[in-house]
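Student: I would like to go through a structure and ask how each label is earned.
Tutor: Then have it in front of you and ask.

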Amino acid sequence: MTLSTSVTDLSLQFRLGLSTEAALELPTLMKRLLPLWPTLTPTTQQQLPRIMSAMLACQEQGDWLGLADWLEYELVQLLNQDAESQRP
């Protein structure tokens, strides 16, 4: 399963009200991003902390739909753009 697919699946769990289960999976997903850091483009490296901070703020506030939006739309889009920009 690709990272983008995992992120989308996790966002769906938040949307379906499975916030406890999804919140437990979120740290694992974030840990999958760490090894990618050196391979990301500089633009992605600049944008990723902003997205992760927004996601953390949503989690702290219990804003599960907001967190799902950040996961599904912002994070997935960023990862996909990064992958496309690195293709020859």
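Student: Why is Phe14 called buried?
Tutor: The relative accessibility of Phe14 is 2%. Buried means under 20%, so Phe14 counts as buried. Keep in mind that this is a predicted model.

Student: What makes Phe14 and Trp64 an aromatic pair?
Tutor: Their ring centres are 5.4 Å apart. Rings pair if their centres lie within 6.5 Å, so Phe14 and Trp64 form a pair. By this rule the count comes to one aromatic pair.

Student: Why is the pair of Phe14 and Trp64 called stacked?
Tutor: The angle between the planes is 10°. Planes under 30 degrees apart count as stacked, so the label applies to Phe14 and Trp64.

Student: What does the pair of Phe14 and Trp64 tie together?
Tutor: Phe14 is in helix H1 and Trp64 is in helix H4, so the pair ties together parts that are 50 residues apart in sequence.

Student: Is Trp64 buried, exposed or partly exposed?
Tutor: Trp64 has 26% relative accessibility. Buried ends at 20% and exposed begins over 50%, so Trp64 counts as partly exposed.

Student: How do you know that Asp69 forms a salt bridge with Arg15?
Tutor: The closest N and O atoms of Asp69 and Arg15 are 2.7 Å apart. The cut-off for a salt bridge is 4 Å, so the pair qualifies. Asp69 belongs to helix H4 and Arg15 to helix H1, 54 residues apart, and the pair links distant parts of the chain.

Student: What makes Glu72 and Arg15 a salt bridge?
Tutor: In this pair the closest N and O atoms are 3.0 Å apart. The limit is 4 Å, so Glu72 and Arg15 form a salt bridge. Glu72 lies in helix H4 and Arg15 in helix H1, so the pair ties together parts that are 57 residues apart in sequence.

Student: Why are Arg15, Asp69 and Glu72 called one network?
Tutor: Salt bridges that share partners join Arg15, Asp69 and Glu72. A search of the whole structure finds two salt bridges.

Student: Are Asp69, Arg15 and Glu72 buried, exposed or partly exposed?
Tutor: Asp69 has 33% relative accessibility, Arg15 has a relative accessible area of 30%, and Glu72 has 24%. Partly exposed lies between 20% and 50%, so Asp69, Arg15 and Glu72 are partly exposed.

Student: What is said about the span and the bend of helix H4?
Tutor: Helix H4 covers residues 64-85, which is 22 residues. From first C-alpha to last it reaches 30 Å, close to the 32 Å expected at 1.5 Å a residue. H4 bends by about 25° at Leu71.

Student: Which residues of H4 are buried, and what covers them?
Tutor: The buried residues of H4 include Leu71, Leu75, Val76, Leu78, Leu79 and Asp82. Their cover includes helix H1, helix H2 and H3.

Student: Why is Thr44 called buried?
Tutor: Thr44, in helix H3, has 4% relative accessibility. The limit is under 20%, so Thr44 counts as buried.

Student: What makes the approach of Thr44 to Asp82 a polar contact?
Tutor: The side chains of Thr44 and Asp82 come to 2.8 Å. The cut-off is within 3.5 Å, so this distance meets it. Not counting residues up to four places away in sequence, Thr44 touches Leu78 and Asp82.

Student: Why is Ser4 called buried?
Tutor: Ser4 lies in helix H1 and has 17% relative accessibility. That is under 20%, so Ser4 counts as buried. Leaving aside neighbours within four places in sequence, Ser4 is in contact with Val76, Leu79 and Asn80.

Student: How do you know that Leu33 is buried?
Tutor: Leu33, found in helix H2, has 4% relative accessibility. Set against the limit of under 20%, Leu33 counts as buried. Beyond neighbours within four places in sequence, Leu33 has contacts with Leu3, Leu48, Met52, Leu75 and Leu79.

Definitions and conventions. Residues are numbered from 1 along each chain as its sequence is written. This is a predicted model: local features need pLDDT of at least 70, side-chain atom pairs count only at pLDDT 80 or more; totals for chains, interfaces and linings use all residues. Side-chain values use heavy atoms; hydrogens and water are left out. Helices (H or I, at least four residues) and strands (E, at least two) are DSSP runs, numbered from the N terminus. Buried means under 20% relative accessible area, exposed over 50%, partly exposed in between (1.4 Å probe, protein chains only). A polar contact is a pair of N or O atoms within 3.5 Å; within protein, one must be able to donate a hydrogen and the other to accept it, and residues adjacent in sequence count only if both atoms are side-chain atoms. Contact means heavy atoms within 4.5 Å. The expected span of a helix is 1.5 Å times one less than its number of residues. The bend at a residue is the angle between axes fitted to the seven residues ending there and the seven starting there. Rings of Phe, Tyr and Trp (its six-membered ring) pair if their centres lie within 6.5 Å; planes under 30 degrees apart count as stacked, over 60 as edge-to-face and the rest as tilted. A salt bridge is a side-chain nitrogen of Lys or Arg within 4 Å of a carboxyl oxygen of Asp or Glu.
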